[in-house]
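Here are a few short exercises to work through with the model open beside you. Try each task before reading its solution.

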Amino acid sequence: MSSLQPLADAPHIRRGDLVMQRYPEQERAAVVGAVVRLGQWVAVKSYTLPDGGVCQALDSVDRLEVVTAEQLAAAIRLDVVHGTHVGRIVQAVVTARAGQFRVVCRCAPGAGEICRNGRKVTWCPSLDSAHQLWDWHVSGHVPVGSVA
């Protein structure tokens with residue numbers, strides 16, 4: 001009989017898991033290298049930067065969700081350009097917004113999300129409605145089918 005017993009409050013995140021922060025706007029995933037208790041359960045995670053460097057960070061496991069490489073590969077990340085407008089259509093991978101789309105543009109203030117009716121982020125249920133939101137942003141036409 002082993003003297004090692006699983007901890008009653010052991011987290012759902014494990015070493016080697018691919019994780020994302022539990023926010024629908026999150027695009028970056030990281031690999032968990034270790035899970036430690038520092039007053040709360042914390043994951044030591046790492047991800048590769050665009051320049052090839054590796055960045056390590058600590059994050060509370062309560063803010064992380066396990067994802068698969070297939071989920072990340074299937075998520076749409078589409079660059080869009082119209083005149084001086086340079087943006088992206090991005091599909092959410094985690095939370096209840098998974099599968100929905102948001103549209104960002106560098107010309108927009110703050111985080112760059114294109115908003116409608118004063119909302120922080122306008123979520124679109126389909127890629128077509130995300131394109132309509134982009135068209136509205138660059139031309140002034142009202143999009144249909146977006147949900148705030």
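**Exercise 1.** Find which residues Val 138 is in contact with, leaving aside its neighbours within four places in sequence.

*Solution.* Start at Val 138 in this predicted model. Look for heavy atoms within 4.5 Å, the cut-off for a contact. Once neighbours within four places in sequence are set aside, His 82 and His 85 are the contacts of Val 138.

**Exercise 2.** Place Val 138 in the largest nonpolar core and work out which element supplies the largest share of that core.

*Solution.* First, list the members: the core has eleven residues, namely Val 80, Ile 89, Phe 101, Val 103, Cys 105, Ile 114, Cys 124, Ala 130, Leu 133, Trp 134 and Val 138. Next, look for elements that give at least two residues each; strand E8 and helix H2 (127–139) both do. Finally, compare the shares: H2 provides the largest, with four residues.

Now move to the other core. It is separate from this one and has seven residues, among them Val 32, Trp 41, Ala 43 and Val 61.

**Exercise 3.** Trace the open sheet that contains E8 and name its edge strands.

*Solution.* Begin with the order: three strands run E6-E7-E8, with antiparallel pairing. Then check the ends: E6 (77–82) and E8 (101–105) each pair on one side only, and these are the edge strands. On average, neighbouring strands here are turned by 20° against each other, ignoring direction.

Last, zoom in on one pair. E6 and E7 (residues 85–91) are joined antiparallel over six bridges, and Val 81 sits opposite Val 86 of E7.

How values were computed
Residues numbered from 1 in each chain as written. Predicted model: local features only at pLDDT ≥ 70, side-chain atom pairs only at ≥ 80, totals over all residues. Heavy atoms only, no water. Pairing = 2+ DSSP bridges. Axes fitted to C-alpha atoms, helices over the stretch in contact; angles between N-to-C directions. Core = buried A, V, L, I, M, F, W, Y, C linked by side-chain atoms within 4.5 Å. Buried < 20%, exposed > 50% of the residue type's maximum accessible area, 1.4 Å probe, protein only.
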